[in-house]
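Visitor: Could you take me through one part of this model in detail, namely the charged side-chain pairs, and then relate them to what lies around them?

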Amino acid sequence: MLSIYLSMVETEEEKSLVEELYIKYEQAMYLTAFSILRNKYSAEDAVQDSFIKVINHLDKIREINCNETRFYLVTIVKNTSLNMLRKKQRYPEVSIDEVFDAGTDDVVEDEVIGKICSEEIRNALKNLSDTDYEILFLYLVKEHTPSEIAHLLDITGNQARQRIFRARQRLIKLLNMRGVTNVP
Amino acid sequence: MYLDNIIADEIMNTLNERLAEYPAVLNRHRFSLAYRIKRRQTIRTYLKGRNVSYRSSLKSTRYALLAILLAVSMLMGFCIQYAIGRFIFNAHREHSVVYISGTSEDKIKIENIYGLPSDTGFSLTERQSDDKDVISIYQSGDKKITLCQSVNDDISNFNTQYSDPEKIMINDCEGVFISENNGSCLAAWIMDGYLFMLSGNINKNMLINLAEATIVEKHVENP
């Protein structure tokens, strides 16, 4: 009886960070994956694959029970699920970068800084696409390198760097449209 | 860069709104046995990488928790305990934590991989293995079953929400049978030093017949 309880206690006590993440977030991650994949086994695979990616970057988890961690995990599972869906359906992926016209949208960043207002940035972020928002979250908040982002999102390093650049440019463009800069 | 810092701060301020777009958890999903085992593998693999001092630092709180657990169990009577052969069930409301008593014959690594012969009508569709676990998924038409072979970790979790476990014999080895919902069921038994679990959306007789058909498929080189 004592040994049984000791084993139970040992199991309960060693609630590693990984276990706590599973307990706290696997349901939400499953729902996100299922909403994309519409298949419970594929959704479970997506959740499991996502956790393996997260485990390789556990140092990025500052706190278990917070919105930042929740968003981090659902972002990864969402992208994992989308990649699985693309492979399954063999959709030719049109990179959003291909439709971004870099020629006319380069904005000089220094001119933006001159009139920075947090509220303006917050409003601009609300209008940013999910993809751009997520890439900026991974890069600026979680401080992942482009290579790490490439691994998390199953894209190449170059694609990751491009997406980061484009996302920032699009954000600055939104700020420009709100009159934050002097660039016409 | 200054701009990046402000963007990062404002991303944090807008996380709530973004999170609201994701589906809320209204009904909990019951993860499949294969997922739960993969999860356990993942956690164990991660824990293996932890240094010894982490475990020993918990020692001081372990006995305090032990005392609390014993006191709570005695006062509340939540935990019901019973044994079926080597399987000692600590039954809680929705699941049972099962302590599997060990013997000197228990294997510590996978030396032979077991599986179902083809004449059962089930074909192997997926297999994952390491030195502690082998998970094999079989299919026959719309019936899908999972065979897990693992070293005895002393602790396992069974879903006893829908039925009580009953004793069965698989090839003269003691085991347990548990019905789950949605027409699924599970058999667990210990054979040749390994813990086996077979589950799927089939009836009890078919499950037990398949369990008894389990054979050594191959020997693991350099286990």
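**Salt bridges and their surroundings**

Guide: In this predicted model, the side chains of B:Glu17 and A:Lys126 meet in a salt bridge, with 3.4 Å from N to O. This pair crosses between chains, running from helix α2 (residues 15-19) of chain B, which holds B:Glu17, to helix α7 (residues 118-126) of chain A, which holds A:Lys126. Both partners can be placed by their accessibility: B:Glu17 is partly exposed, at a relative accessible area of 45%, and A:Lys126 is likewise partly exposed, at 39%.

A second pair that crosses between chains joins B:Asp4, in helix α1 (residues 2-13) of chain B, to A:Arg168, in helix α10 (residues 157-177) of chain A. Here the closest N and O atoms of B:Asp4 and A:Arg168 are 2.7 Å apart. The setting of this salt bridge is a buried one, because B:Asp4 has a relative accessibility of 11% and A:Arg168 also has a relative accessible area of 11%, and buried means under 20%.

A further salt bridge stays inside chain B, where B:Arg127 and B:Glu217 bring their closest N and O atoms to 2.8 Å. These two residues are 90 residues apart, and the pair links distant parts of the chain, with B:Arg127 in strand β5 (residues 123-129) and B:Glu217 in strand β13 (residues 215-219) of chain B. B:Arg127 counts as partly exposed at 25% relative accessibility, and B:Glu217 counts as partly exposed at 38%.

Beyond these pairs, A:Lys78, A:Asp130, A:Glu134 and B:Arg18 are linked in a network of salt bridges. Over all chains, the structure holds 16 salt bridges.

The nonpolar side chains complete the picture. The largest nonpolar core has 58 residues, and those that touch the most other members are A:Leu21, A:Val47, A:Leu125, A:Leu136, A:Phe137, B:Ile7 and B:Ile11. Helix α2 (residues 17-37) of chain A gives this core its largest share, 8 residues. Leaving aside residues up to four places away in sequence, A:Leu21 touches A:Glu26, A:Phe51, A:Val54, A:Leu58, A:Ile61, A:Ile64, A:Thr69 and A:Leu73.

Apart from that core lies another, of 25 residues, with B:Leu147, B:Ile170, B:Phe177 and B:Met191 among them. One of these names, B:Phe177, falls within strand β10 (residues 173-179) of chain B, and this strand is largely enclosed by the rest of the structure, because 5 of its 7 residues are buried.

Strand β10 of chain B pairs with two strands of its own chain. With strand β9 (residues 166-170) of chain B, the pairing is antiparallel over 5 bridges, and B:Ile168 has B:Gly175 in β10(B) as its bridge partner. The hairpin of β9(B) and β10(B) has 2 residues between the strands, and B:Asn171 takes a positive phi near 50° there. With strand β11 (residues 185-191) of chain B, β10(B) again pairs in the antiparallel sense over 5 bridges, and B:Ile178 stands opposite B:Leu186 in β11(B).

A word on the cysteines closes this tour. B:Cys173 counts as buried at 17% relative accessibility, and B:Cys148 is buried as well, with a relative accessible area of 4%. With a disulfide taken as a pair of cysteine sulfur atoms within 2.5 Å, the count over all chains comes to 0.

Methods
Residues are numbered from 1 along each chain as its sequence is written. Chains are lettered from A and ligands numbered from 1 in the order in which they are written. This is a predicted model: local features need pLDDT of at least 70, side-chain atom pairs count only at pLDDT 80 or more; totals for chains, interfaces and linings use all residues. Side-chain values use heavy atoms; hydrogens and water are left out. Buried means under 20% relative accessible area, exposed over 50%, partly exposed in between (1.4 Å probe, protein chains only). A nonpolar core is a set of buried Ala, Val, Leu, Ile, Met, Phe, Trp, Tyr and Cys residues joined through side-chain atoms within 4.5 Å. Helices (H or I, at least four residues) and strands (E, at least two) are DSSP runs, numbered from the N terminus. Contact means heavy atoms within 4.5 Å. Two strands pair if DSSP finds at least two bridges between them. A salt bridge is a side-chain nitrogen of Lys or Arg within 4 Å of a carboxyl oxygen of Asp or Glu.
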